[in-house]
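I set out these entries for a reader who has not met this structure before. The sequence and the coordinates come first, and my notes follow.

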Amino acid sequence: MALPQPSRPAATQVLSRLVNIGIPYLWLGLFFLLPFVIVLQISLAEPALAQPPYTPLWQWIEDGLLQIQLNLQNFLLVGEDSLYLSAFLNSLQVALISTLLCLLLGYPMAYAIATAPERLRVVLLMLIILPFWTSFLIRVYAWIGILKSNGLLNDFLIWLGLIDSPLTILHTQTAVYIGVVYSYLPFMILPLYANLTRLDHGLLEAAADLGCRPFCGFMRVTLPLSMAGIVAGSMLVFIPVVGEFVIPDLLGGPQSLMVGKLLWTEFFSNKDWPLASALAIVMLALLVIPFVMMQRWQQRMEGGRP
Amino acid sequence: MPTLAENQRLEPWQDPRAAPYLRVDRVTKKFGDVYAVDDVSLDIFKGEFFSLLGSSGCGKSTLLRILAGLEYPSAGRIYIDGVDVTDVPAYSRPVNMMFQSYALFPHMSVEQNVEFGLKQDRLPRSERVERVGEMLDLLKITELRKRRPDQLSGGQRQRVALARSLAKHPKLLLLDEPLGALDKRLRENTQFELVNLQERLGITFVTVTHDQEEAMTMSTRIAVMDAGQIMQVDTPTAIYEFPTCRFVAEFIGSVNLFEGKVVAAEGDEVLVETRVGRPMRMRSFHPLVLGTPVTIAVRPEKMRLSQEDREDGVNQLQGVVEDIAYLGDVSIYRVRIGDGSLVEMTLTNVQPRTEQALTWEQEVVIEWSPTSGVVLTE
Amino acid sequence: MKRRRWPLLGMLVFGYAFLYVPIVLLIVYSFNESRLVTVWSGFSTRWYAELLRNQQLLDAAWLSVRIAATNATLAVVLGTLAANALVRHPRFRGRAGFELLLTAPLVMPDVIIGLSLLLLFVAMQQGIGWPAGRGFTTITIAHITFSMAYVAVVVRARLSQLDRSLEEAAMDLGARPLGVYRMITLPLIAPALLSGWLLAFTLSLDDLVIASFVAGPGSTTLPMVIYSSVRMGVSPQINALATLIVLLVALAVIVAGLSMRQRR
């Protein structure tokens with residue numbers, strides 16, 4: 001066995017670093033981070049009838065002077081106009097309430113799955129993941145047929161004799177809640193499940209042995225230990241729902257104006273790119289806090305792993 | 001009686017002219033601020049069965065991984081057969097390792113696992129087939145050749161791992177807790193098999209273990225490690241009978257320790273005044289200056305019951321039997337002595353237990369001879 | 001504990017009913033003869049036949065599948081690299097930023113990703129002349145950007161469970177680092193790569209919002225066609241299409257699940 005030229009193992013490490021870190025970093029920097037800089041830049045521009053439809057932020061005027069024009073108009077508009085303000089408030093409200101609803105429905109489900117017999121658990125979990133793989137758009141669409149005034153739900157309720165005339169559900173805030181909870185429930189259940197299966201059942205037995213009744217055991221052992229899962233699940237629901245477009249557009253009505261839809265309208269219908277950018281920036285600013293919270297808890301969850 | 005030449009062949013470390021096969025020269029490995037291996041030097045000779053013994057986290061595994069080339073030392077060099085291999089990556093070292101978890105490739109059959117290393121050497125197919133057959137034969141696992149690792153028992157996996165690491169005919173085989181994953185019964189049988197295999201193939205073995213019994217049974221020499229440093233390197237007998245420091249004395253087996261000061265020295269014997277009040281006369285291999293603080297270490301089985309309480313009380317302790325643990329072949333007695341501390345003594349149960357002389361609360365006198373313990377200086 | 005389980009079971013049944021009843025209804029009514037989707041008038045497969053004659057829809061589906069496959073392949077490569085980085089290099093400068101950039105696309109609202117990428121593409125076209133026009137390339141780039149994050153999550157989980165000593169053993173037996181990755185690591189994380197690929201594929205096939213922003217005039221994807229049709233109200237053709245998609249996905253998931261089980 002001949003000994004080849006000595007080489008420090010460090011050399012392959014450097015190469016591995018360069019490829020594994022460098023390439024994805026470069027991609028994300030170029031196509032994820034850089035765009036935000038441009039959005040910020042354009043949010044400070046004025047709309048114009050041009051291609052692209054905004055004024056340049058800086059231009060060279062004669063004698064080589066650089067002229068920079070910053071326009072805070074868009075942000076002032078977002079802050080002052082009650083339309084935008086109420087859209088933001090409504091988005092936050094929908095996100096908050098539907099997160100709570102997902103938690104109320106998702107926690108017991110995740111708990112039941114996590115405590116189910118091993119063989120059943122795999123199937124139950126699969127059934128949670130499966131809808132997530134089918135088209136989101138189509139699943140939202142399915143609710144239109146169910147919720148509309150001559151739809152399946154109303155037919156069913158009338159057939160049961162519970163109501164005489166059809167309820168108006170489609171194009172209301174209620175329909176938005178149904179759609180959001182329906183679409184985002186798996187996002188709540190999966191992290192909760194991951195967390196709850198790691199829970200040591202011995203802890204509950206120890207608590208019971210020390211005189212804690214089942215409810216107390218749940219409140220003082222299970223719930224605090226599953227906090228990381230609760231935060232992760234809640235943020236996975238809350239953050240995207242704030243900017244949701246498809247659900248309010250298809251199921252919501254005029255009362256349930258959400259900022260995602262507003263941004264879409266400003267961009268596609270009104271062709272006001274700077275205003276759309278300003279909306280995106282404000283939305284980002286609102287989402288920073290929950291996002292940082294999610295990151296923190298995620299790291300804590302990983303740190304807690306053996 | 002073996003002649004001197006024979007002795008030097010059996011114990012090459014006694015021979016000043018013998019060149020070590022593996023030389024670890026002042027190797028240090030730091031992880032952040034922690035010294036996992038701290039300035040370790042070792043000479044290991046051809047054909048040795050060498051064990052690195054220590055509790056978990058003492059740096060023994062890190063040292064083994066440095067030998068394999070899986071870790072790069074922060075300082076120091078490694079020489080194999082006189083060649084500096086410190087900068088040689090793991091894949092080109094003439095060294096193979098058997099991993100604690102066995103690390104059998106789960107997506108390959110037993111045969112493919114054993115063949116893996118030979119393929120890396122680009123050996124021709126016919127030679128590979130022959131070598132694999134030879135290894136499977138050697139470890140008596142030929143009938144398992146088509147199985148996958150998850151269809152094997154613990155003992156079978158161990159054999160496959162061994163076959164795989166031996167297939168390349170390494171000159172040095174590293175074994176990380178080779179018996180750690182086996183149950184007790186299997187472990188005892190495998191110990192002897194491993195030693196036979198090593199003697200038959202003439203390969204130098206370096207193993208890592210936390211099990212002192214295992215190290216004692218199998219090794220030509222043992223290095224006891226603690227906190228990244230080597231505390232003592234010696235034959236199993238010497239490690240047990242003549243520990244050179246308190247750590248080794250306490251780590252291997254049980255021991256009674258008495259702290260004191262040297263008050264007289266005559267010939268190779270010293271007289272030590274101890275905390276327990278009674279003086280002790282012990283053999284010392286080094287001359288000791290009067291007043292040197294020392295610790296006397298005496299193994300429980302070296303203690304015996306005394307018939308008379310001598311006036312000078314040298315190497316004698318009076319006490320009361322407090323605990324008796326009956327282990328079948330021997331019994332362990334814990335005796336409370338004058339200063340309130342406990343002394344442990346083992347006696348072979350020559351008579352059936354019912355007829356034993358000693359019982360709880362009984363007053364006894366214990367004694368030992370000056371040659372049945374060691375004097376430790378620190 | 002046993003006697004307390006029935007409310008929990010009730011929740012479970014309700015939850016699954018909530019998740020599955022809409023899909024089941026969708027499938028059932030795709031075989032309805034009537035144009036009025038919610039009034040049952042008899043079994044028929046005519047909507048499937050019409051679906052197959054809808055050239056616009058078929059074109060869009062073909063474009064979407066091409067985008068999805070390209071996206072999935074590249075996202076698996078990039079996502080695996082990123083997972084390698086996170087699992088194999090516990091400490092490097094800018095790791096926190098790296099992790100942030102890799103988590104953010106998972107939750108970032110689609111409208112923001114879509115808008116920002118469109119503005120980037122416009123600025124790039126103005127600045128360096130590439131990409132000239134928008135379509136297949138821009139949609140694929142946009143999809144890779146968010147789906148690689150999902151792939152990274154899946155691969156990372158598998159990679160961090162991987163017993164490192166397997167790779168060390170291979171290296172000890174003479175395999176060079178790249179060989180170790182090819183002969184040991186890749187085969188062992190293959191199930192994760194497969195599910196990552198499928199995940200990226202469906203994420204791309206499913207995306208309406210981002211694609212709408214970064215698509216050009218000539219490139220209409222399947223979700224865009226579905227969306228414009230759905231906005232007009234329920235349509236039995238869409239029900240038929242939905243049924244096909246659901247069946248396809250269920251099939252893919254079952255096949256992937258079975259192949260994963262066999263590998264163990």
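In what order do the 6 strands of the open sheet in chain B lie? I noted beforehand that this is a predicted model.

Entry one, the sheet. I read the strand order of this open sheet in chain B as 6-7-8-3-9-10, and its pairing is mixed. I then looked for the edges and found strand 6 (95-98) and strand 10 (229-234) of chain B, each of which pairs on one side only. I also looked up the turn between neighbouring strands of this sheet, which is 20 degrees on average with direction ignored.

Entry two, one edge. I followed strand 6 of chain B to strand 7 (residues 172-176) of chain B; the two run parallel and are joined by 4 bridges. For B:M97 I recorded B:L174 in strand 7 of chain B as the bridge partner. I add as background that strands of a sheet pair through backbone hydrogen bonds.

Entry three, a helix on the sheet. I found that helix 6 (residues 184-201) of chain B lies across strand 3 (49-53), strand 7 and strand 8 (204-209) of chain B. Its direction is at about 135 degrees to strand 3 of chain B.

Entry four, chain A. I turned to helix 2 (residues 73-80) and helix 3 (residues 82-114) of chain A, which pack at an angle of about 70 degrees with axes 5 Å apart. I therefore describe these two helices of chain A as roughly perpendicular to each other. From helix 2 of chain A, A:L77, A:V78, A:G79 and A:E80 meet A:S82, A:Y84, A:L85 and A:F88 of helix 3 of chain A. By class, I listed 5 nonpolar, 2 polar and 1 charged residues in this contact.

Key
Residues are numbered from 1 along each chain as its sequence is written. Chains are lettered from A and ligands numbered from 1 in the order in which they are written. This is a predicted model: local features need pLDDT of at least 70, side-chain atom pairs count only at pLDDT 80 or more; totals for chains, interfaces and linings use all residues. Side-chain values use heavy atoms; hydrogens and water are left out. Axes are lines fitted to C-alpha atoms, for helices over the stretch in contact, and angles run from 0 to 180 degrees between N-to-C directions. Angles under 35 degrees count as roughly parallel, over 145 as roughly antiparallel, 65 to 115 as roughly perpendicular and the rest as oblique. Contact means heavy atoms within 4.5 Å. Ala, Val, Leu, Ile, Met, Phe, Trp, Tyr, Cys and Pro count as nonpolar, Asp, Glu, Lys and Arg as charged, and the others, Gly among them, as polar. Two strands pair if DSSP finds at least two bridges between them.
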